[in-house]
Amino acid sequence: MRRRRAAVGVGLLSLALLTGCTTPVPGTPDGEVVRPSITPSREELPQHGQCTDGALKTVPCTEPHEGEVVAIGQFTGLGDAYPSERDLRRSALPACRTALAVYLGSTDHDATRLQPQVLWVSRDGWARGDRWRLCTVVEIGPDGQRKKRTGPLKSLLKAEGFAQVQLCAQGSPGVDEQLKIVGCDTQHKAEAVPGVLNIGAHTAPTPSEEQVDAKAKEHCADAVTGYVGAQRPDVFASWRTFGSQAWSEGYTTVVCYAEATRPFTGRLWGLGDKPLPN
């Protein structure tokens with residue numbers, strides 16, 4: 001993941017240029033793929049809105065569950081031979097991410113611990129003509145593991161559920177190569193903010209770091225000021241992107257962070273001019 005940091009002061013925005021990286025960040029949304037060992041037919045799959053045990057078994061959404069079906073689709077144009085995982089990911093993930101945003105009610109899911117999980121047919125299923133792909137949404141805990149939830153995720157981000165699944169970081173999103181995600185109720189230094197920026201289509205060439213920064217710095221500065229409720233000398237706008245390999249899989253966004261000059265416990269959301277929490 002590439003990372004950037006910019007200071008947000010009164011009428012001032014300065015950019016610290018850093019070397020880009022494409023290392024996945026633990027706890028950050030990143031499409032997961034599950035390959036069932038025995039491929040069911042499309043008719044046997046869970047249906048849209050149903051909850052699952054994380055793979056293909058359907059469970060009531062009122063009971064603890066890992067996944068929730070957001071879309072069922074069909075692979076097309078990949079030929080008769082079983083495709084490579086790279087081709088399957090490039091075909092499945094962009095559509096899955098689009099369906100995820102519709103299901104959750106917002107495009108801000110990249111700023112949360114919610115991520116798409118894609119299931120597709122195994123080699124034997126492909127050979128008999130099956131071409132289905134199943135998209136579910138899962139919640140990743142601060143430990144990087146899938147969490148069990150009770151109750152549906154549908155429209156969670158359209159309502160006031162963002163804070164329940166918000167990404168909070170122990171270190172600096174603008175500096176750290178590996179960003180440690182922690183619970184927002186624990187001590188942290190940065191909070192991902194609503195207002196995820198889409199910077200292009202996954203079918204287009206990956207933009208350069210300079211092109212990304214030109215679009216991100218003003219957008220993130222405004223997003224952070226709106227999130228905090230004031231411009232402050234002790235809060236910065238940082239942003240991270242997913243890198244060139246993820247771009248072709250639909251990860252074409254910039255995630256903005258409100259980053260404080262020191263660790264704190266509490267929230268920056270609506271802090272205004274109040275003192276930074278201890």
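Tutor: The expected span of a helix is 1.5 Å times one less than its number of residues. We can apply that rule to helix α1 of this chain, keeping in mind that the model is predicted.

Student: How many residues does α1 have, and what distance does it reach from its first C-alpha to its last?

Tutor: Helix α1 has 20 residues and reaches 27 Å between its first and last C-alpha, which is close to the 28 Å expected. There is nevertheless a kink of about 25° at A92, shortly before the proline P94, and just after the helix G105 takes a positive phi of about 90°.

Student: Which residues of α1 are buried?

Tutor: Among them are L88, R89, A92, L93, P94 and C96, and further along the helix L100, Y103 and L104.

Student: Where do nonpolar side chains tend to be in soluble globular proteins?

Tutor: As a general idea, they tend to be buried together. In this chain the largest nonpolar core has 42 residues, and those with the most contacts inside it are V70, L104, L114, W120 and Y257. Several elements give two or more residues to this core, including β6, α1, β7, β8 and β14, and α1 gives the most, with eight residues. A second, separate core of 22 residues includes L197, A237, F264 and L276.

Student: R89 is a charged residue in α1, so what does R89 form a salt bridge with, and is R89 buried or exposed?

Tutor: R89 forms a salt bridge with E249, the closest N and O atoms being 2.9 Å apart. The pair links distant parts of the chain, since E249 sits in the loop between α5 and β14 while R89 belongs to helix α1, 160 residues apart. Buried means under 20% relative accessible area, so R89, at 14%, counts as buried, and E249, at 6%, is buried too.

Student: How many salt bridges are there in the count, and which residues are joined into one network?

Tutor: The count comes to ten salt bridges. One of these pairs is R128 with D130, whose side chains meet at 2.9 Å, N to O; R128 is partly exposed at 47% relative accessibility, whereas D130 is buried at 16%. Salt bridges that share partners join R113, E139, K147 and R149 into one network. Within that network, the side chains of E139 and R113 meet at 2.8 Å. E139 lies in strand β8 and R113 in the loop between α1 and β7, so this pair ties together parts that are 26 residues apart in sequence. Both E139 and R113 are buried.

Note on methods
Residues numbered from 1 in each chain as written. Predicted model: local features only at pLDDT ≥ 70, side-chain atom pairs only at ≥ 80, totals over all residues. Heavy atoms only, no water. Core = buried A, V, L, I, M, F, W, Y, C linked by side-chain atoms within 4.5 Å. Buried < 20%, exposed > 50% of the residue type's maximum accessible area, 1.4 Å probe, protein only. Helix = DSSP H or I, 4+ residues; strand = E, 2+ residues; numbered from the N terminus. Bend = angle between axes of the 7 residues up to and from the residue. Salt bridge = Lys/Arg side-chain N within 4 Å of Asp/Glu carboxyl O.
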